[in-house]
Amino acid sequence: MSIATEQPLAIGKCHCGALRRAARRMSQFYDGKLAPVGLRSTQFSMLALLQQLEEVSVNELARHIGLDRTTAGKNLRPLERDGLIAIGPSATDGRSRVIALTPEGAARLLAAAPLWREAQRQFEASNGPGTVATLRETLAKLSIGA
């Protein structure tokens, strides 16, 4: 039996596809706003999280941002290369490596913050504060599977 003889696929109603398209549009929007300071939205998020956590392991950072350790490590390399973060041994566990924001990273984050706030403001103005709040709440509650 071929797929053509079965019920047609409603690919236009694919939940995964809709979320991925929305995520790409959102990333492009924020990346464009942050471009003047040379950061992408993912990098900005990591720097902001590192500012809050001060010093964190790669595994812990990966958990906070919802990535696996390998992907988080890959995303950290350009930040380390550009001197925005430092990765070194933990003071309490020599087997563990920790990440910390450098002074240059803190300065870049400070320069990026008004651009990020403007992106936040524009997105909310375009969609309404209630819709944006509901969207965040809905996304936080999404469940996958049984």
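In the model, which is predicted, three strands form an open sheet in the order β1-β3-β2, with antiparallel pairing. The edge positions are taken by β1 (55-57) and β2 (85-89); each has a single partner strand, so one side of each is left without a neighbour in the sheet. On average, and with direction ignored, neighbouring strands of this sheet are turned by 30° against each other.

The pairing can be followed strand by strand. Strand β3 (residues 97-101) pairs with β2 in the antiparallel sense over 5 bridges. Within this pairing, Gly 88 stands opposite Val 98 in β3, and Ala 86 has Ala 100 of β3 as its bridge partner. On the β1 side, 3 bridges join β1 to β3, and these two strands also run antiparallel. Here Glu 55 stands opposite Ala 100 in β3. Ala 100 is thus named in both pairings, facing Glu 55 and bridging to Ala 86.

Strand β3 is largely enclosed by the rest of the structure, because 4 of its 5 residues are buried. Part of the surroundings of the sheet is helix α3 (residues 58-65), which lies across β1 and β3. The helix runs at about 90° to β1.

A search of the whole structure finds 4 salt bridges. One of them links the side chains of Arg 40 and Asp 31, with an N to O distance of 3.2 Å. Asp 31 has a relative accessibility of 14% and therefore counts as buried, the limit being under 20%.

Two further salt bridges involve residues of helix α5 (residues 103-127). In one, the side chains of Arg 108 and Glu 104 meet at 4.0 Å, N to O. Arg 108 and Glu 104 are 4 residues apart in helix α5, so about one helical turn separates them. Arg 108 is partly exposed, with a relative accessible area of 22%, and Glu 104 also counts as partly exposed, at 43% relative accessibility.

In the other, Arg 121 forms a salt bridge with Glu 118, and the closest N and O atoms are 2.7 Å apart. Both residues lie in helix α5 at a spacing of 3 residues, about one turn of the helix. Arg 121 counts as partly exposed at 46% relative accessibility. Glu 118, at 30% relative accessibility, counts as partly exposed as well.

The largest pocket has a volume of about 1,200 Å³. It is lined by 34 residues, of which Ala 23, Met 26, Ser 27, Tyr 30 and Leu 139 are the closest to its centre. The elements that give two or more residues to the lining of this pocket are α1 (15-34), α2 (41-53), α3, α4 (69-81), α5 and α6 (129-141). With 10 residues, α1 gives the most to the lining.

Some of these elements also appear in the features described above. Helix α3, which contributes to the pocket lining, is the helix that lies across β1 and β3. Helix α5, likewise among the lining elements, holds the pair Arg 108 and Glu 104 and the pair Arg 121 and Glu 118.

How values were computed
Residues numbered from 1 in each chain as written. Predicted model: local features only at pLDDT ≥ 70, side-chain atom pairs only at ≥ 80, totals over all residues. Heavy atoms only, no water. Pairing = 2+ DSSP bridges. Axes fitted to C-alpha atoms, helices over the stretch in contact; angles between N-to-C directions. Contact = heavy atoms within 4.5 Å. Buried < 20%, exposed > 50% of the residue type's maximum accessible area, 1.4 Å probe, protein only. 1 Å grid on protein atoms, 1.4 Å probe; cavity = no way out; pocket = protein on both sides within 12 Å on 5 of 7 lines; lining within 4 Å. Points joined across faces, edges and corners; volume = space filled by probe spheres on them.
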